[in-house]
Amino acid sequence: MFAVVDIAGQQLKVSPSQRVFVPKLPHKEGDTVTFDSVLLVADKTDVKIGNPNIKGASVTAKVLGHVKDDKVTVFKKKKRKGYRVTRGHRQQYTEIEITRIG
């Protein structure tokens, strides 16, 4: 069984007991989160497709923690002008575990 769910603007294919990194959510570690915007639910026998969402379907997940991605270095330079700028960025993610699709 799997579902396609919209989480923070990203469409993800998830299945029960799967761990997924999503953009940072405002929930604390150990909280339970319910996502109501389910676009597709499929199991061995049938497939349900929403228009755009399936009414009454939801995906429940548990927040495992908040992490940061690797640093991305942005380097800008203009030759012969003396202009050099180095900046870095670390994207923040929330790790969740899918507990139930229904």
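This briefing covers one open sheet and two residues, R87 and E95. The model is predicted. Four strands make up the open sheet, and their pairing is antiparallel. R87 is exposed, whereas E95 counts as buried.

**The sheet**
- The strand order is β3-β10-β7-β4.
- β3 (19–23) and β4 (32–35) stand at the edges.
- Each of these two edge strands has a single partner strand, so one side of each has no neighbour in the sheet.
- From one strand to the next, the twist averages 45°.
- Strands of a sheet pair through backbone hydrogen bonds.

**The β7 and β10 pair**
- Strand β7 spans residues 59–68, and strand β10 spans residues 92–101.
- Nine bridges link β7 and β10 in the antiparallel sense.
- A61 stands opposite I98 in β10.

**E95**
- E95 lies in strand β10.
- Its relative accessibility is 17%. Buried means under 20%, so E95 counts as buried.
- Beyond its neighbours within four places in sequence, E95 is in contact with R19, V20 and F21.
- K62, V63, L64 and G65 are also in contact with E95.

**R87**
- R87 belongs to strand β9, residues 83–89.
- R87 has a relative accessible area of 57%. Exposed means over 50%, so R87 is exposed.
- R87 is in contact with V72, T73 and V74, leaving aside its neighbours within four places in sequence.
- T73 is 14 residues from R87 along the chain, yet their C-alpha atoms are separated by 5.9 Å.

Note on methods:
Residues numbered from 1 in each chain as written. Predicted model: local features only at pLDDT ≥ 70, side-chain atom pairs only at ≥ 80, totals over all residues. Heavy atoms only, no water. Buried < 20%, exposed > 50% of the residue type's maximum accessible area, 1.4 Å probe, protein only. Contact = heavy atoms within 4.5 Å. Pairing = 2+ DSSP bridges. Axes fitted to C-alpha atoms, helices over the stretch in contact; angles between N-to-C directions.
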